[in-house]
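Dear colleague,

I am passing this structure on to you, and I would be glad if you kept it open while you read the notes that follow it.

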Number of protein chains: 2
Amino acid sequence: MTCERVYLFDTTLRDGAQTAGVDFTLADKIAVAKLLDGLGVDYVEGGYPGANPTDTEFFAEKRTTRAAFTAFGMAKRSGRSVSNDPGLQGLLQAAADACCFVAKAWDFHVREALGVTLDENLAQIRETVDSSVAAGRETLVDCEHFFDGYKANSDFALACARTAYEAGARWVVLCDTNGGTTPEEISEIVTAASAVVPGTCLGIHAHDDMGLAVANSLAALGAGARHIQGTLNGLGERCGNANLITLIPTLKLKPAYADRYEIGVGDEALEGLASLSRSFDELVNRTSNRYAPYVGANAFATKAGIHASAIVKNPRTYEHVDPERVGNHRRLLISDQGGRSNLLAELARVGVEIERDDPRLVDLLELIKKREAQGYAYEGADASFALLARRTLGRAPDFFSVESFRVMVERRHNALGELVTVSEAVVKVVVDGEPLITAAEGIGPVNALDVALRKDLGRYQPFIADLRLTDYKVRILNGGTEAITRVLIESMDGEGQSWTTIGVSPNIIDASFEALIDSVTYRLLKADAPAP
Amino acid sequence: MTCERVYLFDTTLRDGAQTAGVDFTLADKIAVAKLLDGLGVDYVEGGYPGANPTDTEFFAEKRTTRAAFTAFGMAKRSGRSVSNDPGLQGLLQAAADACCFVAKAWDFHVREALGVTLDENLAQIRETVDSSVAAGRETLVDCEHFFDGYKANSDFALACARTAYEAGARWVVLCDTNGGTTPEEISEIVTAASAVVPGTCLGIHAHDDMGLAVANSLAALGAGARHIQGTLNGLGERCGNANLITLIPTLKLKPAYADRYEIGVGDEALEGLASLSRSFDELVNRTSNRYAPYVGANAFATKAGIHASAIVKNPRTYEHVDPERVGNHRRLLISDQGGRSNLLAELARVGVEIERDDPRLVDLLELIKKREAQGYAYEGADASFALLARRTLGRAPDFFSVESFRVMVERRHNALGELVTVSEAVVKVVVDGEPLITAAEGIGPVNALDVALRKDLGRYQPFIADLRLTDYKVRILNGGTEAITRVLIESMDGEGQSWTTIGVSPNIIDASFEALIDSVTYRLLKADAPAP
């Protein structure tokens with residue numbers, strides 16, 4: 001039996017941007033598109049060019065290599081021609097492979113919100129698809145409120161789908177916009193829709209308002225749809241969209257699906273899924289869900305007891321899939337061999353060579369566990385991880401040492417009577433036994449420290465001349481009076497190579513300084529700077 | 001058509017206690033049992049008397065008034081009589097209305113883990129149920145791994161279920177112990193089981209390892225089961241159990257279920273659901289999931305302007321149920337994507353009264369847009385939003401003004417030669433024309449500023465005595481040299497009421513200070529402190 005191809009459409013950068021508290025910058029969007037392209041989704045919906053400056057700039061050039069780069073927009077407005085609709089024209093001018101248009105499919109909305117006749121709505125769908133196809137774009141139509149619309153007026157909802165298909169849309173996507181449809185209804189209504197549009201051109205767009213977005217996506221698949229829309233970690237308006245990070249392993253690993261369907265995500269990308277999920281959370285500055293299916297830190301965690309001992313005998317007893325397949329690992333309250341293999345793999349990845357049976361591996365594993373308990377998270381900080389390993393193995397020279405530092409931030413009225421805030425830092429380092437004192441002003445305390453630290457590192461100065469900070473993230477762990485601050489700093493050299501370092505402390509300045517020192521040290525190691 | 005009764009069985013205190021990081025004390029258990037009894041679930045499974053001192057003490061007396069107080073335990077062990085099995089006897093002596101026994105239903109486990117024959121396993125089930133029924137207990141049997149067992153050896157799995165039923169078990173519960181079964185499989189296998197045990201005696205116990213626990217519970221219901229096991233907020237081993245807080249509103253409010261089934265949870269209890277969910281999170285010290293179906297803070301939050309204006313016209317357009325039915329409320333997020341309707345709705349929510357056609361609304365909207373372009377995000381900072389509105393409308397007195405502040409962070413060697421970091425702040429404020437200077441040390445610079453600021457606010461001091469910081473979040477926008485820091489501070493007063501304020505600046509200290517000042521000012525406004 002040949003597997004049928006199922007297409008994954010990611011809308012993290014469009015519907016995901018509707019999430020309360022999420023606000024993508026251009027740099028964020030570029031980074032997320034790269035993550036998605038590496039994962040192997042078929043479509044990356046990047047936003048709504050013309051709606052805001054960020055999205056317009058994002059669509060100034062193509063941002064994916066494998067996935068179809070997709071622009072979102074509204075179907076043509078009533079009462080004006082295609083060439084006279086600036087929104088639509090903006091969309092067709094974007095550097096996109098595909099255009100996805102949202103069109104209403106619920107008669108109630110057409111009358112209430114658009115104030116046009118049902119026939120006019122169908123004509124708008126037809127003309128919109130025509131113009132997009134004529135402009136050479138692969139065309140998708142999101143039928144908004146399709147399921148509620150079908151329940152209210154099935155003929156009209158089906159007519160919207162049929163019109164989009166007949167006008168040449170590659171995909172007609174049935175949207176459960178309000179997230180209130182049950183799996184049984186999804187199954188029934190998708191079956192009805194497949195009578196007017198072939199299943200190989202039908203998509204599903206589900207929301208999680210009843211905790212059923214994943215189930216509804218699978219129900220649509222069962223009823224014939226072959227295109228699933230979703231987001232990374234289930235981001236999205238209200239309770240979120242269907243979570244692709246949950247769906248992908250289910251489609252790849254559960255025989256009920258894997259024996260029937262094929263997706264564009266490869267086995268290797270699947271093994272990077274847990275790490276991708278956490279990187280994405282770092283990017284949007286959200287705490288990772290420890291209980292997330294497949295990728296959560298606790299997804300394969302078992303409290304000590306009968307289950308744990310059974311798992312050691314035979315993992316199949318209490319694990320529905322092998323955690324390694326999604327890049328996660330088993331957590332038991334006993335020392336496990338999985339930790340060691342993970343560590344070896346990670347060391348190889350960051351270029352630290354070590355024998356499989358080197359006894360120092362155990363020390364390093366213990367040290368990492370201890371530090372992670374303190375708040376370090378090495379998954380997002382490769383450079384600090386590599387440094388920690390090298391230090392434990394005696395392979396990181398002490399290029400310089402820090403004697404002391406001092407930072408002052410002062411807000412006061414200046415000579416002109418204006419309220420200003422100044423930040424100054426003084427750093428004392430020792431290089432080759434020689435003390436060096438530098439001082440600098442900065443935009444803020446961390447910037448002042450960074451500038452002062454890199455002003456004079458003696459003979460190492462040439463190696464760090466092109467280093468610059470490209471990102472700085474802060475997370476407060478625990479909260480309240482026992483709060484611990486975790487700082488992640490991303491740095492870049494003149495060749496555009498970047499690396500991330502971490503610092504943890506109750507004091508944000510201390511944590512930042514630790515990450516700064518790691519960043520400079522890593523740069524010196526990378527550049528093969530001579531040891532003192 | 002009469003509704004069929006569906007029974008809810010809560011296992012928060014038993015399977016929920018397997019959650020990594022959750023550890024119930026006796027007092028916790030008593031409090032949770034009370035919450036559950038008030039909610040209206042039919043069974044409260046309290047734990048495993050005899051397995052640990054907490055559970056034994058919890059079962060020393062009956063802890064529920066409405067729900068059946070249920071003790072969990074293992075079926076009788078092999079090679080000893082019922083009267084000679086201390087675990088089983090302990091269970092029968094507990095002050096419980098019902099006993100729920102776990103029994104193996106997967107031949108592989110019977111042979112591997114128990115090391116007994118399949119017939120012996122059936123005999124153990126029969127004798128266990130016999131003894132429990134004889135002791136006057138309502139008896140339930142959890143068939144562990146029923147679905148995996150059915151796939152491996154359907155005859156044996158069904159024989160386990162039939163044996164429990166014929167011996168007199170009130171409920172035979174089919175458990176998807178590893179959480180790896182799909183909804184289609186659940187539906188098929190529950191249908192098969194209902195041929196040997198009537199559906200009115202069949203239960204479902206689902207886990208969320210594929211994000212399908214809720215869907216699987218509903219699929220079992222569709223196939224005839226009439227008893228659903230789950231937990232509050234989906235607590236449970238690994239990814240958790242079926243979330244009753246999600247299932248209850250779906251069963252109560254969605255016609256597809258509400259027209260067919262009836263549960264013991266009343267309309268009034270349903271209106272307390274959001275509050276119950278958050279109280280429970282407080283109790284187990286977990287951060288509430290803002291994106292949780294029905295009860296999350298964002299479950300009815302809308303960012304997009306077009307959606308928002310449609311909701312204001314008619315909530316049915318973008319809401320699948322009325323948020324008030326579950327004790328939640330609509331949030332129209334103020335953001336550059338929103339418009340006037342969002343603004344009016346939000347002003348009403350934070351208690352700022354203004355006429356629909358007040359011209360200052362336009363000014364306020366412009367100001368918000370300008371500030372959001374600078375990096376402010378008012379959707380997560382209600383208190384700063386309320387202050388901004390009041391200031392624009394001239395309704396926020398200047399209780400005090402800040403003359404200047406200074407913070408110093410120094411890392412140095414102390415007299416003992418240890419490396420230490422100290423943070424000190426000096427703040428000058430003017431209250432009633434009188435300058436007040438305070439200084440303080442802190443764990444970090446923001447803590448030092450906070451302590452100094454709240455050390456002496458003159459006659460306002462009594463109003464802020466009980467204020468404390470409960471959370472502090474930092475996000476760096478743009479990145480690189482033009483980085484802007486956004487700080488969110490959550491504060492709480494002595495009565496447990498909390499509010500969030502925001503500060504934005506290129507300088508993290510400035511941004512933090514702005515949020516601190518807003519927090520103190522908001523507290524003074526809330527307390528009706530007299531204006532200067």
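Please bear in mind from the start that this is a predicted model.

A pair of residues makes a good starting point: Arg411(A) has Phe405(B) as its bridge partner in β13(B). That bridge belongs to the pairing of β13(A) with strand β13 of chain B, residues 401-413, and these strands run in the antiparallel sense over 7 bridges.

From there you can turn to the whole of the contact between the chains, where 83 residues of chain A are in contact with 85 residues of chain B. On the side of chain A that touches chain B, the largest share comes from strand β13 of chain A (residues 401-413), which supplies 9 residues. Taken by residue type, that side of chain A holds 35 nonpolar, 30 polar and 18 charged residues.

A separate place to look is within chain B, where helix α8 (residues 183-193) packs with helix α9 (residues 213-222), their axes being 8 Å apart and the angle about 30°. Angles under 35 degrees count as roughly parallel, and α8(B) and α9(B) are therefore roughly parallel to each other. Their crossing is right-handed. On α8(B) the contact is made by Pro183(B), Ile186(B), Ser187(B) and Val190(B), while α9(B) brings Ala215(B), Asn216(B), Ala219(B), Ala220(B) and Gly222(B). Of the residues in this contact of α8(B) with α9(B), 6 are nonpolar and 3 are polar, with no charged residue among them.

With best wishes

How values were computed: Residues are numbered from 1 along each chain as its sequence is written. Chains are lettered from A and ligands numbered from 1 in the order in which they are written. This is a predicted model: local features need pLDDT of at least 70, side-chain atom pairs count only at pLDDT 80 or more; totals for chains, interfaces and linings use all residues. Two residues are in contact if their C-beta atoms, placed from the backbone, lie within 7 Å. Helices (H or I, at least four residues) and strands (E, at least two) are DSSP runs, numbered from the N terminus. Ala, Val, Leu, Ile, Met, Phe, Trp, Tyr, Cys and Pro count as nonpolar, Asp, Glu, Lys and Arg as charged, and the others, Gly among them, as polar. Two strands pair if DSSP finds at least two bridges between them. Axes are lines fitted to C-alpha atoms, for helices over the stretch in contact, and angles run from 0 to 180 degrees between N-to-C directions. Angles under 35 degrees count as roughly parallel, over 145 as roughly antiparallel, 65 to 115 as roughly perpendicular and the rest as oblique. A crossing is left-handed if the near helix is turned anticlockwise from the far one by less than a right angle, and right-handed if clockwise.
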